[in-house]
Amino acid sequence: MSNTDILFNEMAEAIEWLDDEKAIELVDAALEAGVDPVDVIEKGFTKGLKVVGDRFGDGEAFLTELVAAANIMEEVSERLAGALAGSQRKVERRGTVLIGTVAGDVHTIGKNILKTLLEVNGFNVIDLGEDVPTQRFVEKVRELKPDILGLSALMTTTITEQRSVIKALEEAGVRGMVKVMVGGAAVTEKWSKDIGADGYAENASDAVQVALSLVG
Amino acid sequence: MSDLTEYRGGKFSVLSRDQIYDIHMATLEVLEKTGVLVKEENALKLLDDAGALVDYETQRVHIPQYLVDEAIRKTPRSVKLCGRDPKNNLRVEGNRSYFGLGGSGIYMLDPDTLKRRTATKQDLADSTRLADSLEHIDFLMGLIIPQDVDQNIWDRYSAEVKLKNTMKHCFTGALGEEGARDVLKMAALVAGGEHELEKNPLFSFILCTVSPLTHDARNTQTAMELARHKAPIIFACESICGGTAPISLAGTLVLQNAEVLSAALIAQLTNPGTPVIYGAVSSPMDMRNGSIVMGVPEVALMGVAVSQLAQYYGIPLYSMAGITDSKIPDAQAAYEKALQQVLVGLTGGNLIHNAAGMLDKMITGSLEQMVIDNEIIGMVKRIMRGIEINTDTLATDVIDKVGPGGHFLGEKHTRRLYKGEHDLSVLSDRMTREAWEKAGSKDTVQRANEIVKKKLETHQVEPLDRDIVEAFDRIILEAKRKTMG
């Protein structure tokens, strides 16, 4: 095993053990040794993140650990930002998901859990936050051209906004550019079909599978 | 004023007096040091004028201790909540407990297939009338939010259905200032005027805080509008341990307390003496999958703890017991519900909501479950009554009369005290095996279903005057016109 391979293994382990200090140390060591930053992500840290994601899927890891792992990944990416920008290669992503809680709804936790799970599974996620006005979704779809738009609504009073967003996308002529997923406590499969969404899931884990199938 | 038997707690606790004080002091620290987010300009102004440290740009408010004391002092220690029939009135204070429906689900369970379906306005009417008929259900909230009406004004439809279908007090929702005004107008028509309604509130309004530590614009506006009418407001914190609240139960109790007391402060600054009801009904998150869990012992523990906290403050409480993660009326539903109900009841949580009718993390309503819950509550109430000790019940006279070797069957004493001393079930099977088989070997859910059918066939609620019903129609039509804009 080469020194670089040993370094990659240590990176994976740093995430598995949720050791953020060690992770940053390893990033610095890799940069000093001139290791390709894309390899640092893909061959190193992503492997560890996947292990935590799989353990979560098997009911062995807890959500709090998953979030911690994702946070370390974010720190690592920030540390690598300069080197990545200078690199010829790009980190491979499964797709881009634009996500937000609809207008009138200020609930965020479900959306945030999904965001973490999508990132762990290799998606690039752009979070518009909560209480997002309908037109902002439309503008951002046009501007960022995501593969998937995820609309979260917790309350029975706000799920109607999901329909408004889909209508607004149609009126703006950009509905065909993006797959729309809807979710949230009050959302049902029937509702998602009624409003013409492309995907629906009852919980965050299922939503990742739906997202994978939509970009697959 | 009320015919309801009094049921009092005060027989169980999980917190010592010192621990309650610790929670109180931690809450004061959070409110002063961390502060809360108030996303409503007029509320910020009120808090600023009263002496809170307000940053208008970030909308962050730091609340000094003396303002928290003011909020507690100005909140009435007792609230009278009324039904259309005064015999159903509730006196909410101290350690008096009442049990009520759970609610705001979006599905109903089909008792035959055990599948769920989307809830309708008819379901709300049926469930409300059934709850009206059940002896141990003291107050209602909408079992479900009807999904077949315009979702922008479901609050008006719910108010209409409730006023038509029960003589008991109801919790209800209001969507914004206009919703609050419409719903109050509807209730005032039934109460006989606005002034009458203020004296005899037929509705209390549930408003949720947004955890952690946020009061959003619409709910704050609604609260201020309700306060101007002195309508009873329940500020409910529904945080999630480990998600929107600390993972520790103590930390969750502190966070809830900070949210509810700061909401109460805004109401009291708007209109001193507004009947505010303390609501703290958080539940944990299952860290294995991120879902909320409800039928867990921690919910019972927190239910007891908030009952003690509210009693310490002397603020009427909206508590919770009887929630379950089970999808169908089964053994899990029964044990999860019973455990919470008996503990919160023995503590004396005031308005124990969600005590009846709900399954599946409060998403699905079930009429059969409501009948089963009515049975559990009846047993809990019997336990709460305890054992009466007096000359009559000590029964030395009748023991002497019967003497050694006789029996008590024919005694007047037996006939006179039997009903009061012993729980007479309507649902539970307490027959011999042979008798149970002869009656069709029915399980609990089947027997509950028979009771549901019979009650819905026979139970009538006194109809409202025609002009009131027509006025409801006009209010709803007008609200509809406005939303169509």
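Here are some short exercises on the two-chain model above, each with a worked solution.

This is a predicted model, in which local features need pLDDT of at least 70, side-chain atom pairs count only at pLDDT 80 or more, and totals for chains, interfaces and linings use all residues. Residues are numbered from 1 along each chain as its sequence is written, while chains are lettered from A and ligands numbered from 1 in the order in which they are written.

**Exercise 1. Describe how the domains of chain A meet.**

Step 1: Start with the bounds. Chain A splits into domain 1 (3–86) and domain 2 (95–215); such bounds come from an automatic or database domain assignment.

Step 2: Find the spacing. Over C-alpha atoms, the centres of domain 1 and domain 2 of chain A are 28 Å apart.

Step 3: Count the contacts. Two residues are in contact if their C-beta atoms, placed from the backbone, lie within 7 Å. Here 7 residues of domain 1 of chain A are in contact with 6 residues of domain 2 of chain A.

Step 4: Name the elements. Helices (H or I, at least four residues) and strands (E, at least two) are DSSP runs, numbered from the N terminus. On the domain 1 side of chain A, α3 (37–57) and α4 (63–86) each supply at least two residues, and α4(A) gives the most, with 4 residues.

**Exercise 2. Work out which parts of chain A touch chain B, and their residue classes.**

Step 1: Count again. In this interface, 14 residues of chain A are in contact with 15 residues of chain B.

Step 2: List the contributors. α4, α5 (109–120) and α9 (204–215) of chain A give two or more residues each to the side that touches chain B.

Step 3: Sort by class. Ala, Val, Leu, Ile, Met, Phe, Trp, Tyr, Cys and Pro count as nonpolar, Asp, Glu, Lys and Arg as charged, and the others, Gly among them, as polar. The side of chain A that touches chain B has 7 nonpolar, 7 polar and no charged residues.

**Exercise 3. Judge the overall form of chain B.**

Step 1: Take stock of the elements. Chain B has 18 helices and 21 strands.

Step 2: Check the radius of gyration, taken over C-alpha atoms; the globule rule is 2.2 Å times the number of residues to the power 0.38. For 485 residues a compact globule would come near 23 Å, and chain B agrees because its value is 23 Å.

Step 3: Look at burial. A residue is buried if 20 or more other C-beta atoms lie within 10 Å of its own, exposed if 12 or fewer, and partly exposed in between, with C-beta atoms placed from the backbone. In chain B, 51% of the 485 residues count as buried.

**Exercise 4. Locate three backbone details and say where each sits.**

Step 1: Find the cis peptide bond. B:S211 and B:P212 are joined by one, with omega about -5°, and B:P212 lies in the loop between β11 (203–208) and β12 (214–215) of chain B.

Step 2: Turn to A:D131. This residue is not a glycine, yet has a positive phi of about 50°. A:D131 sits in the loop between β2 (123–127) and α6 (134–144) of chain A and is partly exposed, with 19 other C-beta atoms within 10 Å.

Step 3: Finish with B:S441. Phi is positive at B:S441 too, near 50°, and this residue is in the loop between α16 (433–438) and α17 (444–458) of chain B. B:S441 counts as exposed because 10 other C-beta atoms lie within 10 Å.
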